[in-house]
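Please read the points below alongside the coordinates. They are set out by region.

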Amino acid sequence: MRNPILRKAAVLAWLAGALLGFGGAAHAQSVQPVILDLQPAGRQATQTLTVSNTRTTAIPVELRVERLVFDANGTRGTGQDPGDLVVFPAQAVIQPGQSQVFRVQYVGDGALDKSRHYYVTVAQLPVQLPEGTTGIQVLYNIQVVASVQPRSGKPDLRVTETNIGRNTEGRAVPVVTIANQSATHGYLSRGRLTIVQRDASGRELIRQTLTGPDIQQGAGYGLIGGNEVRSFTLPLLLPAETGSIDARFEPEARR
Amino acid sequence: MRTTSGTASLAALATIGMAALTPEPVQAQSSTGQVSLRGFVASRCGAGGASGTTSSAFGGTISLGELSDTNARLRPALVNSTSGSPAGTIAFQAGCTGTAATVTLSATRLSTTNPVPAGEGGFTVSNDIDYTAQVAMALTGGGITTLNYTTAATLPAPSTLTVGDGFAFIPDNFEIRVFGLRPEGGDQSVLVAGTYDAVITVTITPA
């Protein structure tokens, strides 16, 4: 390759590929995507997820479905599979360096009155240890959140309450309560949140807009079910532990 | 977030590189213009890539070797093990790109299927060993957070922790430690001979 530009481009491409490959290799077992949005019928009733194995040994996995509900702490698996989702194949042995595509299809009630949610757990299965081996196997499970929305409608997320809370390090951060006034689920991270803190005299102490990626990185996707209310601790350090918090949520233009 | 955008930049770089390598008809005239690049990196979660384990024979397994001392009781080193000086460890990389995540930890007792013999007068004999499993996680902002789970005859509910600060995107950002082993019936219990095994399950859920 005599052309220096092409040679440089080739090196860059190799470097990028090598580095991207490292990301996969670092996680010997990875799942993508981790959020599925399904329709109750039609083409969008089916989606796929891919499990990759970059280990040097085969991984036996099983996909398990359970209904997900909302509680004060966010979301919680019920341990009950209502049979609304069909996963194919339900089990697989993924060879080293290979990926397996799993199809997830909603086959439940086609006339939903509000969104339904499920965990699809990609569960690594234990293997038989060699005879005479005493040991503790470490298994990795990765959960995918699958949501099915009613045929029509879109989420209507509104801030209903704001507070000053503390993050895990004890620092003051905003806590916002969001109500979804629609039967269709939504995600806090699919919009922007503008936070304003004022002191007792009304003087503005901080004004900050958190983008969708900011929210997703610091608070997660922020799934809010149809007609549900959730509180979120936001990834924004406040300059004062007292004062008032105003929050405005703007959904992104398209969902 | 740095990881995501970094990966996106690399993806764009790869695209540029590959595009430059694609043969194109040679244009006689020169021109200038802007090329917009747009792409995305879907969030993914992953785990594994174990290293630094006490087991060299079997990937993803914490090997504890011989459990008993010469009196068939649990070795004192296992009984006295602590978080700072665990009986066994395994390190691996885990987490999600682009999103906060919840980690759930559960485990089963270290047991053998060989039954406890009947009529062992004067001895407490056991085929079950309880222990504490701890997952220590390195965080993006520095520091480590831990999550514990201790087994029992009736297994408690899994332990859960949401990590909003994000996991450090480095190898071995997760370490599982096993310590505080206790046979059912107490440290003086005589262990049933056999192969003992258990399972620790780490579940990663996008928040």
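The numbered points go from the chains as wholes to single strands, loops and residues.

1. Status and overall make-up. The model is predicted. Chain A contains 2 helices and 18 strands, and chain B contains 2 helices and 12 strands. The order of elements along chain B is α-β-β-α-β-β-β-β-β-β-β-β-β-β.

2. Burial and contact range. Chain A has 255 residues, of which 46% are buried. Chain B has 207 residues, of which 41% are buried. For chain A, 69% of the contacts between residues at least 6 apart in sequence join residues at least 24 apart. In chain B, residues 24 or more positions apart account for 77% of the contacts with a separation of 6 or more.

3. The cavity. How many cavities of 30 Å³ or more does the structure hold? There is 1. The volume of the largest cavity is about 60 Å³. From chain A its lining takes I35(A), L68(A), T75(A), Y119(A), V145(A), Y221(A), L223(A) and R230(A), and from chain B it takes P206(B) and A207(B). By class, the lining residues are 8 nonpolar, 1 polar and 1 charged. T75(A) is the polar one, and R230(A) is the charged one.

4. Helix α2 of chain A. This helix covers residues 212-219. It is largely enclosed by the rest of the structure, because 7 of its 8 residues are buried. The buried ones are G212(A), D214(A), I215(A), Q216(A), Q217(A), G218(A) and A219(A). Just after the helix comes G220(A), with a positive phi of about 100°.

5. The β11–β12 hairpin of chain A. Strand β11(A) spans residues 157-166 and strand β12(A) spans residues 172-180. The two run antiparallel and are joined by 9 bridges. Within this pairing, V159(A) has I178(A) as its bridge partner. The hairpin has 5 residues between its strands. In the turn, G170(A) takes a positive phi of about 85°.

6. Strand β6 of chain A. Which side chains of β6(A) are buried? L85(A) and V87(A) are, and they point to one face of the strand. V86(A) and F88(A) point to the other face and are not buried. β6(A) runs antiparallel to strand β8(A), residues 99-106, with 4 bridges between them. The bridge partner of F88(A) in β8(A) is R103(A).

7. Cis peptide bonds. Most residues other than glycine have a negative phi, and most peptide bonds are trans. The bond between F88(A) and P89(A) is cis, with omega about -10°. P89(A) sits in the loop between β6 (85-88) and β7 (91-94) of chain A, so the loop follows the strand described in point 6. A second cis bond runs from Q32(A) to P33(A), with omega near -5°. P33(A) belongs to the loop between β1 (29-32) and β2 (35-38) of chain A.

8. Positive phi outside glycine. N227(A) is not a glycine, yet its phi is positive at about 60°. Its place is the loop between β16 (223-224) and β17 (229-233) of chain A. The relative accessible area of N227(A) is 47%, so the residue counts as partly exposed. In chain B, D172(B) is likewise not a glycine and has a positive phi of about 55°. D172(B) lies in the loop between β9 (159-163) and β10 (174-183) of chain B. With a relative accessible area of 35%, D172(B) is partly exposed.

9. Surroundings of S52(A). Where does S52(A) lie? It is in strand β3 of chain A, residues 46-53. Setting aside neighbours within four places in sequence, the contacts of S52(A) are A28(A), Q29(A), S30(A), Q98(A) and S99(A). S52(A) and Q29(A) are 23 residues apart along the chain, and their C-alpha atoms are separated by 5.5 Å. The side chains of S52(A) and S99(A) make a polar contact at 2.9 Å.

Conventions: Residues are numbered from 1 along each chain as its sequence is written. Chains are lettered from A and ligands numbered from 1 in the order in which they are written. This is a predicted model: local features need pLDDT of at least 70, side-chain atom pairs count only at pLDDT 80 or more; totals for chains, interfaces and linings use all residues. Side-chain values use heavy atoms; hydrogens and water are left out. Contact means heavy atoms within 4.5 Å. A polar contact is a pair of N or O atoms within 3.5 Å; within protein, one must be able to donate a hydrogen and the other to accept it, and residues adjacent in sequence count only if both atoms are side-chain atoms. On a 1 Å grid over the protein atoms alone, a cavity is a set of points where a 1.4 Å probe fits but cannot get out, and a pocket is an open set with protein on both sides within 12 Å along at least five of seven lines; lining residues have an atom within 4 Å of a point. Grid points are joined across faces, edges and corners, and a volume is the space filled by probe spheres set on the points. Two strands pair if DSSP finds at least two bridges between them. Buried means under 20% relative accessible area, exposed over 50%, partly exposed in between (1.4 Å probe, protein chains only).
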